[in-house]
Structures are given as C-alpha cells and as structure tokens.
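Here are some short exercises to work through with the model open beside you. Try each task before reading its solution.

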Amino acid sequence: ARAVMSSAPAPPVRVGHALSGIFVINLRGDVLLMRAYREDIERHVLDAFRTQILNPRGGARRDARSTPRRGRKDDGFATEAPVRRIGSVTYMMKRSRDVYVVGIARGQGERGGPGDANLMLGFTFLGHVVRLCNQYFGACDENAIRGNFVLMYELLDEICDDGYPQITAGETLKTYITQKGSKLEGAIGKEAMERSAAEDQRRAMEAAKQVTSAVQWRREGLSYKKNEVYLDIVESVNLMMSAEGTVLRANVQGAIYMRTFLSGMPNLSVGLNDRLGETTRVTSRGEDAETSAARDRRLIDLDDLQFHQCVRLDKFSAEKVIEFTPPDGEFELVKYRVSDNITLPFKLMPVVKELGRTRLAVTVNLRSLYGPTTVANEIKVRIPVPKLTARATINVSGGKAKYVPEEGCLRWKIKKCAGHEEYQLDAEVLLANTLEDHKPWVQPPINIAFHVPMFTASGLRVRFLEVKEASNYDVVRWVRYLCQSGGSSSSSYEIRCA
C-alpha cells in the first residue's frame with residue numbers, strides 16, 4: 001500500500017518575550033529598584049534570589065554544594081553560571097561593579113526551559129541597560145543608581161513594554177529623556193516659560209519621528225559646515241613568549257572606532273582586507289582567487305565579529321562590506337579577534353645569571369620588528385627582581401632605567417623607538433645577605449607596555465571608505481591605526497625568563 005502524505009503548513013514562528021521583570025540589587029542583598037513588566041512577579045521572587053542565590057545559607061545547601069548528587073540535574077546553585085532556576089522562575093544575572101542587574105523570566109517550558117522567554121534576548125537587553133546607565137550616569141553602580149532613582153525608572157519604562165524590548169539606543173533616548181534640575185516657576189518669566197514649552201514640544205515631535213523611523217540612532221536635520229569622518233583601528237596584542245623566543249600564545253583583540261560629523265542622512269561603506277571580503281570580490285569579478293591574493297596584500301581572518309546596531313548585516317553577509325548610516329559623534333563600529341599570522345612589534349631576549357648567593361646579572365635585549373618609518377611611543381619594560389634585592393646597578397643603551405623597590409622590579413622606559421632598532425639593558429642586582437637557606441628564585445615573566453601608531457599586528461587595512469549623501473557634499477576622511485600591548489590582568493605582552 002502506498003501512503004499519501006499531505007504537506008501540512010509550517011507552524012508560525014513565535015518570538016518569546018525577553019523577561020517578566022528586572023531588578024537591581026547590591027552585593028549586600030539590598031534591592032535598589034525593581035520594575036515588573038508582567039503580573040506574574042511576586043515579592044517572594046526577590047527573597048528567593050537573595051537567600052538562595054546571592055547569600056545561600058543552611059547546612060543542607062552547603063552539603064549540596066560540596067557533594068554532587070548523582071543521577072540528578074545540577075540546580076545551578078553550586079556554579080557561578082549567569083542563569084539560575086528556582087522552581088518556575090529563571091534568573092538572568094549580569095554584574096556591573098558593585099551591583100547585579102537581574103532579569104526574571106517566569107514559566108515552565110519543555111525540558112525545564114523558561115517557557116516563552118528568550119534568554120538570549122534577555123541577556124542582550126540587560127547589556128543595553130548597563131550601557132544606558134554608563135551613558136546617562138557615567139557608571140552602573142550603587143551610587144549612580146541611588147542618585148538617579150527617578151530617571152532610572154523612566155528609562156526602564158521606555159525601553160521595555162510587556163517584556164518585549166523597545167528603543168534602547170542611547171542617542172535616541174536622550175532626545176526625549178533629559179536629566180534636568182528642578183526650578184521654581186515663580187523665578188521664571190512668562191516669556192521664558194513659553195519658549196521652554198515650545199522647545200519641549202519641538203523635541204517631542206522630533207523624538208516621535210526618530211523613534212518610528214528605520215534609523216533610530218540618528219536624528220534628522222544635522223548640518224555641519226565641515227563634514228569629517230574619523231576611522232581608528234585600535235589593536236591590543238596579547239603574547240606569551242618563551243625565553244628562547246618561541247611564541248607560546250598570541251592573539252589580537254581589535255576594534256574599529258569612528259567619529260562622524262556629517263550632514264543629513266549619509267550612507268557609509270567600509271572595505272577591509274579580510275579574507276572573506278576578498279573571496280567575495282574575486283567571485284564577483286570572475287578572477288582566479290590565487291592570482292588576486294598574490295597581487296593584493298595579505299588577507300586577514302577575522303573572528304568573533306561584533307557589529308554596532310547601525311551595520312546592515314544582510315549587506316555584510318552578501319558582499320562582506322560594512323555598510324551603515326552612522327550615529328552622530330563617536331561610536332564603536334565593530335570588534336574582532338585575530339589568532340593567525342600576527343606580526344609582533346617587539347622581540348625581547350632576557351638572560352638572568354646567578355653570580356653566587358647575593359648577586360644576579362640581568363641582560364635584556366629589546367628589538368623592534370616593524371618598519372623603519374614607524375616610531376613607537378612610551379615603551380615600558382618591567383623586569384621583576386627578588387624580594388631581597390638591596391640595590392641594583394643599571395646600564396642601558398637607550399632610554400632610562402631604575403630599580404623600584406615598591407614594585408619589586410627594574411623599570412626601563414624608552415620614550416621613542418623607531419623600527420629595526422635594538423636596545424640593551426645590563427644590570428647587576430645585589431641581594432641582602434640573610435641567615436636563611438638560599439632558595440632558587442623563580443622569576444616571573446617580563447612585561448612590556450607600548451603604543452605603536454600607524455601599525456597593526458594583524459595587518460588589517462582599510463581598502464576604501466565611501467560616503468554617499470543626497471546633497472553630494474565634500475567629505476574629509478581620516479584613517480588612523482594604533483597597536484598597543486594588552487592592558488588587562490588576563491592579557492598582556494609577556495616574555496618568560498626560564
């Protein structure tokens with residue numbers, strides 16, 4: 001028998017809400033503010049978060065954390081995961097300084113999920129809340145929240161409706177949510193009050209047009225006498241190198257920053273020498289990929305791309321060109337990461353020898369690897385020494401160096417360093433003579449901090465920067481590059497000594 005199968009229409013795609021409510025709580029467990037977007041949030045939801053997640057107590061809970069229960073799913077309390085679940089309530093947590101911004105989703109979905117709530121959408125919304133606090137108050141911490149309590153509630157009312165995120169662009173919200181000082185009406189003249197009312201009405205009309213338009217991050221009617229565009233590529237190099245010069249770990253964290261002072265509603269296009277973009281261009285031109293790659297500059301593999309909301313992602317997916325209508329002023333266009341074919345700006349070779357129980361000989365050779373036309377600024381080399389160091393005699397071929405007892409290191413500073421130059425530091429370190437047994441000293445890695453303008457370790461370059469606008473005005477374009485050492489505790493430019 002032959003079965004006849006009829007194709008049923010596909011069910012409609014349901015877009016879940018982001019969250020049912022949001023609250024901000026400090027590290028002591030004090031709720032600073034709360035906004036419920038749906039009616040399924042009760043007070044005990046906050047108490048459960050405070051007692052069972054933020055400050056868990058009780059022997060049974062401690063035993064549960066110390067001993068994993070076989071055959072049962074993890075309830076989330078024994079981990080530092082940003083998502084926790086208590087009964088039918090899901091908590092999404094994002095920490096900013098001394099507060100937690102927590103989103104609440106209510107409901108029980110399939111396989112223990114959060115029901116109709118979209119957790120990824122909720123986390124994105126929490127990130128926008130933190131960003132808006134930084135834009136409005138300069139920080140997202142307890143003092144900023146307490147000092148701007150009323151304005152914070154106004155922002156939460158505007159950016160979300162019934163659990164669905166609305167307008168979260170700070171540039172747009174600032175047009176109709178402004179922080180003003182209170183004034184006495186008696187001290188204001190009638191004419192001034194009329195002007196103020198007219199100005200408020202004009203701003204409200206402009207805000208309504210902007211919110212309902214397709215470009216929510218840019219208002220209409222902008223005009224500049226001189227139209228300018230600044231594009232900066234800033235890269236931070238993270239390196240771990242052995243004493244023999246072998247690269248153990250290297251990657252580049254980069255970002256493209258822009259400042260635009262353009263009239264009207266311009267459309268910008270940025271082309272980079274990335275591998276995906278070149279492959280797309282070769283295919284469209286019908287050329288051989290190997291011939292084109294050999295003719296052009298070396299191509300870059302960009303990973304972990306994160307775009308500003310103004311970028312047209314469909315255009316980038318099809319043509320690998322970053323096309324957008326920019327916000328007015330300064331913003332971050334894209335962030336990226338590069339892990340292969342990194343050009344290191346500096347190579348450092350250290351040699352440390354023990355000359356008896358109380359003497360060390362330290363030799364550090366620093367060589368710049370970039371082109372001779374490039375000049376680095378403010379190179380700082382930090383060379384750790386033993387805690388028992390009494391004094392150090394230092395000779396350098398360039399820059400200045402000294403022993404810093406407070407930091408337990410030799411600090412070597414070079415103000416400027418051109419490409420293909422080499423400097424050397426020779427130091428004799430004297431240790432305090434003690435009666436304790438001499439233990440072999442394990443030296444921490446040497447750290448380098450630097451700024452190299454007009455150089456990128458990834459080799460990323462801007463192929464073109466186009467500006468199109470209906471009035472076809474002249475635009476002054478500025479493109480700059482900066483390479484610097486990794487500045488966080490988990491990322492730096494380090495060379496091991498042993």
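**Exercise 1: the lining of the cavity**

Helix 3 (119-137) and helix 5 (149-159) each give at least two residues to the lining of the largest cavity. Bear in mind as you go that this is a predicted model.

Task: Find which residues line the largest cavity, and work out how the lining divides by class.

Solution:
- Start with the search of the whole structure, which finds one cavity of 30 Å³ or more.
- Next, take its volume: the space in the largest cavity is about 30 Å³.
- Now list the lining, which is made up of Val129, Leu132, Cys133, Met152, Leu155, Leu156 and Ile159.
- Then ask which helix gives the largest share: helix 5 does, with four residues.
- Finally, sort by class, and you get seven nonpolar residues, with no polar and no charged ones.

**Exercise 2: the largest pocket**

Task: Describe the largest pocket by its volume, then by the residues and elements that line it.

Solution:
- Begin with the volume, which is about 720 Å³ for the largest pocket.
- Its lining has 21 residues, and those closest to the centre are Arg131, Phe307, His308, Gln309 and Glu332.
- Move on to the elements: helix 3, helix 6 (170-173), strand 11 (303-307) and strand 13 (329-338) each give two or more residues to this lining.
- Strand 13 supplies the largest share, six residues.
- To finish, count by class: eight residues of the pocket lining are nonpolar, eight are polar and five are charged.

**Exercise 3: a sheet of four strands**

Task: Give the strand order of the open sheet of four strands, and explain why one side of strand 14 and of strand 17 is left without a neighbour in the sheet.

Solution:
- Write down the order first: this open sheet runs 14-15-20-17, with antiparallel pairing.
- Strand 14 (346-354) and strand 17 (389-396) are at the edges and have a single partner strand each, so each has one side without a neighbour in the sheet.
- For the twist, neighbouring strands are turned against each other by 15° on average, with direction ignored.
- Look next at strand 15 (residues 359-368) and strand 20 (residues 422-431), which run antiparallel and are joined by nine bridges.
- As a landmark in this pair, find Arg367, which stands opposite Glu422 in strand 20.

**Exercise 4: a sheet of three strands**

Task: Work out which strands are the edge strands in the open sheet of three strands, and how many bridges join strand 10 to strand 12.

Solution:
- The order is 12-10-22, and the pairing is antiparallel.
- Strand 12 (322-324) and strand 22 (462-468) pair on one side only, which makes them the edge strands.
- From one strand to the next, the twist averages 10°.
- Strand 10 (residues 267-272) runs antiparallel to strand 12, and three bridges join the two.
- To locate this pairing, look for Val270, opposite Ile322 in strand 12.

**Exercise 5: the whole chain**

Task: Step back and summarise the chain by its helices and strands, its buried residues and its contacts.

Solution:
- Count the elements: the chain has 10 helices and 24 strands.
- For burial, use the cut-off of under 20% relative accessible area; of the 498 residues, 42% count as buried.
- Last, take the contacts between residues at least 6 apart in sequence: 71% of them join residues at least 24 apart.

Conventions
Residues are numbered from 1 along each chain as its sequence is written. This is a predicted model: local features need pLDDT of at least 70, side-chain atom pairs count only at pLDDT 80 or more; totals for chains, interfaces and linings use all residues. Side-chain values use heavy atoms; hydrogens and water are left out. Two strands pair if DSSP finds at least two bridges between them. Axes are lines fitted to C-alpha atoms, for helices over the stretch in contact, and angles run from 0 to 180 degrees between N-to-C directions. On a 1 Å grid over the protein atoms alone, a cavity is a set of points where a 1.4 Å probe fits but cannot get out, and a pocket is an open set with protein on both sides within 12 Å along at least five of seven lines; lining residues have an atom within 4 Å of a point. Grid points are joined across faces, edges and corners, and a volume is the space filled by probe spheres set on the points. Ala, Val, Leu, Ile, Met, Phe, Trp, Tyr, Cys and Pro count as nonpolar, Asp, Glu, Lys and Arg as charged, and the others, Gly among them, as polar. Buried means under 20% relative accessible area, exposed over 50%, partly exposed in between (1.4 Å probe, protein chains only). Contact means heavy atoms within 4.5 Å.
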